[in-house]
Each structure stands twice: as structure tokens, then as C-alpha cells.
Amino acid sequence: MNLNGEWDFAFDFGDSGVARKFYEKKELDRKILVPFCQESELSGVGYKDFMAAAWYHRTVSLTADLLKGRVILRFGAVDYECRVWVNGRDASMGSRQRTSV
């Protein structure tokens, strides 16, 4: 499943989104066009100054057939670090908490 397209997006200049529980939000205050990075004008954001962190959100529905095996989320590019939440639970690589999807 290709997840390119419009995603919800939020700046996190203070890198405090985890503390503010951004992962629980159902939508964020801006939109971004993926696969373009937030610095690109093509993304619809075009912010070129330093940004400590940014949040992306997308709702994806999986069929029962897709849930029969492993579900792998693969990113084509991540600038430095990526943490992933699935249904409000941290599913990042190296996380002590594992999420069954």
C-alpha cells in the first residue's frame, strides 16, 4: 500500500510533542504532501529553517486479510530519527513496548 499523498502535519519546534501527547491526536493543524519533505515547496509546507521535530499523522485502514500476517511499515527516507505510534502505542524499532498490528 503506497501512503504517498496528503498527511496531517505539525511543527514541533521544542521537540515536546511526546510530552504533549501528539501521538493521541486524531489530526494535526497543518497538511503536508508526502513524499516531499517539509523543506520542499512541493510539500505545501516549504519551511527551510531549523526544526527540532515534526509530526506526521495518517489514518490507514487494513483489511482482515492484511492483518493475517506481519504488517511492515517502510519509510523511503527519514532525516535523522523516526518514532512511530500505532493506535496510540509506541511501535518504534528498539522500543521496549511492542505493538501487535
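Which strand pairs with β1 in the antiparallel sense over four bridges? In this predicted model, the partner is β3, so a good opening move is to select residues 5-11, which form β1, together with residues 54-57, which form β3.

**First stop: the sheet**

With those two strands coloured, add residues 30-34, which make up β2, and you will have an open sheet of three strands whose order is β2-β1-β3 and whose pairing is antiparallel. β2 and β3 stand at the edges of this sheet, and because each of them has a single partner strand, one side of each is left without a neighbour in the sheet. If you turn the view so that you look across the strands, you can follow a twist that averages 40° from one strand to the next. To see how β1 and β3 are placed against each other, select Ala10 and then Trp55 in β3, since these two residues stand opposite one another.

**Second stop: the nonpolar cores**

Now select Leu3, Trp7, Phe9, Phe11, Ile32, Val34, Val45 and Met51 and show their side chains, for these eight residues make up the largest nonpolar core. Both β1 and β2 supply at least two residues of this core, and the strand that gives the most to it is β1, with three residues. Afterwards, select Ala10, Phe22, Leu28 and Trp55, which are included in a second, separate core of five residues; Ala10 and Trp55 are the two residues that you have already seen opposite one another.

From the largest core, keep Val45 selected and display what surrounds it. Once its neighbours within four places in sequence are left aside, Val45 is in contact with Phe9, Phe11, Arg30, Lys31, Ile32, Gln38 and Ser40. Move from there to Ser40, which lies in the loop between β2 and β3 and counts as buried, at 19% relative accessibility. When residues up to four places away in sequence are not counted, Ser40 touches Val45 and Gly46.

**Third stop: charged pairs**

How many salt bridges does a search of the whole structure find? The search finds five, and three of them are worth selecting in turn, among them the pair of Lys31 and Asp8. The closest N and O atoms of Lys31 and Asp8 are 2.4 Å apart. Because Lys31 lies in strand β2 and Asp8 in strand β1, this pair ties together parts that are 23 residues apart in sequence. The two ends of the pair differ in their surroundings, as Lys31 is partly exposed at 45% relative accessibility, whereas Asp8 is buried, with a relative accessible area of 9%.

Next, select Asp12 and Arg20, whose side chains meet in a salt bridge with an N to O distance of 3.4 Å. Here Asp12 is buried, with a relative accessible area of 1%, while Arg20, at 47%, counts as partly exposed. Then go to Lys48 and Glu41, where the side chains meet in a salt bridge of 2.9 Å, N to O. In this pair Lys48 is exposed, with a relative accessible area of 57%, and Glu41 likewise counts as exposed, at 59%.

**Fourth stop: the cysteines**

Select Cys37 and Cys82 together, and keep in mind that the structure holds zero disulfides. Cys37 is in no disulfide, and the nearest cysteine sulfur, which belongs to Cys82, is 15 Å away. Cys82 is in no disulfide either, with the sulfur of Cys37 as the nearest cysteine sulfur. As for their exposure to the surface, Cys37 counts as partly exposed at 39% relative accessibility, and Cys82 is also partly exposed, with a relative accessible area of 35%.

**Last stop: two loop residues**

Finish with two residues chosen for their backbone. Asp15 is found in the loop between β1 and β2, and although it is not a glycine, it has a positive phi of about 50°. At 54% relative accessibility, Asp15 counts as exposed. Then select Asn87, whose place is in the loop between β4, residues 85-86, and β5, residues 89-90. Its phi is near 50°, again a positive value in a residue other than glycine, and Asn87 counts as exposed, at 77% relative accessibility.

Technical notes:
Residues are numbered from 1 along each chain as its sequence is written. This is a predicted model: local features need pLDDT of at least 70, side-chain atom pairs count only at pLDDT 80 or more; totals for chains, interfaces and linings use all residues. Side-chain values use heavy atoms; hydrogens and water are left out. Two strands pair if DSSP finds at least two bridges between them. Axes are lines fitted to C-alpha atoms, for helices over the stretch in contact, and angles run from 0 to 180 degrees between N-to-C directions. A disulfide is a pair of cysteine sulfur atoms within 2.5 Å. Buried means under 20% relative accessible area, exposed over 50%, partly exposed in between (1.4 Å probe, protein chains only). A salt bridge is a side-chain nitrogen of Lys or Arg within 4 Å of a carboxyl oxygen of Asp or Glu. A nonpolar core is a set of buried Ala, Val, Leu, Ile, Met, Phe, Trp, Tyr and Cys residues joined through side-chain atoms within 4.5 Å. Contact means heavy atoms within 4.5 Å.
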